[in-house]
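User: Please explain how the terms applied to the ligand site and to the enclosed space of this model are justified.

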Amino acid sequence: MAEDWPDRRITDLFGIELPILQAPMAGAQGSALTVAVSNAGGLGALPCAMLSVEQVRAELSAIRKATLRPFALNFFCHRPPVFDAERDTEWRARMAPYYAEMGIDLAAIPAAASRRPFDEAACDLVEQIGSTVVSFHFGLPEERLLERVRATGAKVVSSATTVSEARWLEERGCDAIIAQGAEAGGHRGRVRGRRGATASAR
Ligand SMILES: Cc1cc2nc3c(=O)[nH]c(=O)nc-3n(C[C@H](O)[C@H](O)[C@H](O)COP(=O)(O)O)c2cc1C
């Protein structure tokens, strides 16, 4: 099948057999899916936004034991929101009937932000492990960190939700751009285009 695919730019760029990139899903998958996709010939991805540096290390060690193929490390680049107690109470009250319907304990949902943006510690880790692909969600890290990622030789990828975001990523030297669909599993975050807009994620 791979040899039937006419455009080899993506497969050559990432050193993979099939032109399939696994969508990273923080909180919904771990290294098992990454390994399965990479071993099947696509580009598996490990979402790191909800993992501590130690947890990423443990997942990496599991991946390395199970595959020698390329995979992507994936990070968020959002601005963490400032906790607003009034807003928190309001959305909890509004969502309560739906949580009850689904049998989810609303009290178990943390009030504080649980997604970490790409930072110094994550960048240190990327430098230490020398990942082949680093993908970002909700934009790109600040230039200083991005430069360090590039210097490792990793291919840099990020997701765009509009043409103007794609151009912005291209201007900043992304090796590939993921065009996110209109729904994106409820995980679509427009990061550019609106005045002062920066993605925010909990
Ligand atoms: C539960 C869930 C978690 C997600 N977490 C991440 C993530 O950690 N990093 C990321 O880059 N994208 C994340 N996404 C977005 C997906 O990777 C993907 O872009 C999205 O599902 C859109 O795919 P589509 O454009 O092919 O429909 C998540 C999506 C879902 C549904």
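User: Which residues come nearest to the ligand?
Analyst: Pro24, Ala26, Asn74, Gln180 and Gly181 come nearest, out of 13 residues around the ligand; a residue counts as near if one of its heavy atoms lies within 4 Å of the molecule. The model is predicted, with local features requiring pLDDT of at least 70 and side-chain atom pairs pLDDT 80 or more, whereas totals for chains, interfaces and linings use all residues. Residues are numbered from 1 along each chain as its sequence is written, and side-chain values use heavy atoms, without hydrogens and water.

User: Why is the pair formed by the ligand and the side chain of Asn74 called a polar contact?
Analyst: The term requires a pair of N or O atoms within 3.5 Å. A nitrogen atom of the ligand is 2.7 Å from an N or O atom in the Asn74 side chain, so the pair qualifies. For the side chain of His137 the corresponding value is 3.4 Å, and a polar backbone atom of Ala26 is 3.0 Å from a ligand nitrogen.

User: What makes the shell around the ligand free of charged residues?
Analyst: Asp, Glu, Lys and Arg count as charged, Ala, Val, Leu, Ile, Met, Phe, Trp, Tyr, Cys and Pro as nonpolar, and the others, Gly among them, as polar. The shell has seven nonpolar, six polar and no charged residues.

User: What classes of residue line the largest cavity?
Analyst: Its lining has nine nonpolar, three polar and no charged residues. Among them are Phe14, Leu21, Gln22 and Pro24.

Terms used:
A polar contact is a pair of N or O atoms within 3.5 Å; within protein, one must be able to donate a hydrogen and the other to accept it, and residues adjacent in sequence count only if both atoms are side-chain atoms. On a 1 Å grid over the protein atoms alone, a cavity is a set of points where a 1.4 Å probe fits but cannot get out, and a pocket is an open set with protein on both sides within 12 Å along at least five of seven lines; lining residues have an atom within 4 Å of a point.
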